[in-house]
Amino acid sequence: MSAQPIPLRIAKAAAIDPQLVAVEAAIDYLNLPTVRPPLVREDGVHVVVADGEQFAAWTFALGGDVNRAPALDGASLWTLRTESPRRADGSTVRIRVHVALVHDEFVPAEFRGAVTA
């Protein structure tokens, strides 16, 4: 009776999403702030920042369209719709940067007229 080798299951590492890699590279290269790891969704990569100054840093670095949701209980969600710098293949990744701001909290003057959803 000879011993048969026992087949081993090889664990596969989770595939790293290339969109996430592109956004994390932009965050590192441009030294952009975040308060949690970016999340990949169908409509792009979502990033959350802590305050108006961090939101402004993203806007000044990447540009884009700013949207302000209607205020609810004295606060509203602001979203920057932008994209990553062009990658080697010429493509970009959609980025959504979010911040919740209390009514009358610091918002850079350029955004006071932001489009309200």
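**Strand 2 and the nonpolar core**

Strand 2 is mostly tucked away, with four of its five residues buried. The model is a predicted one, and this strand, spanning residues 44–48, makes a handy place to start looking around.

On one side comes strand 1, residues 39–41, which pairs with strand 2 in the antiparallel sense over three bridges. Getting from strand 1 to strand 2 takes just a hairpin of two residues. Within this pairing, V40 has V45 of strand 2 as its bridge partner.

Strand 5 (94–102) is another partner, and here the sense is parallel: strand 2 and strand 5 pair over four bridges. V45 turns up again in this pairing, standing opposite I95 in strand 5. V45 is thus matched with V40 as well as with I95.

Then there is the core. The largest nonpolar core holds 17 residues, and the members touching the most other members are V23, V47, V49, F55, W58 and V97. Two or more residues each come from helix 1 (18–30), strand 2, helix 2 (52–62), strand 4 (75–83) and strand 5. Strand 5 chips in the most, with four residues.

V49 gives a good view of how these pieces meet. Leaving aside residues up to four places away in sequence, V49 touches P33, V35, Q54, F55, W58, V97, H98 and V99. Among these contacts of V49 are F55, W58 and V97, which, like V49 itself, are listed with the core members that touch the most others.

Key:
Residues are numbered from 1 along each chain as its sequence is written. This is a predicted model: local features need pLDDT of at least 70, side-chain atom pairs count only at pLDDT 80 or more; totals for chains, interfaces and linings use all residues. Side-chain values use heavy atoms; hydrogens and water are left out. A nonpolar core is a set of buried Ala, Val, Leu, Ile, Met, Phe, Trp, Tyr and Cys residues joined through side-chain atoms within 4.5 Å. Buried means under 20% relative accessible area, exposed over 50%, partly exposed in between (1.4 Å probe, protein chains only). Contact means heavy atoms within 4.5 Å. Two strands pair if DSSP finds at least two bridges between them.
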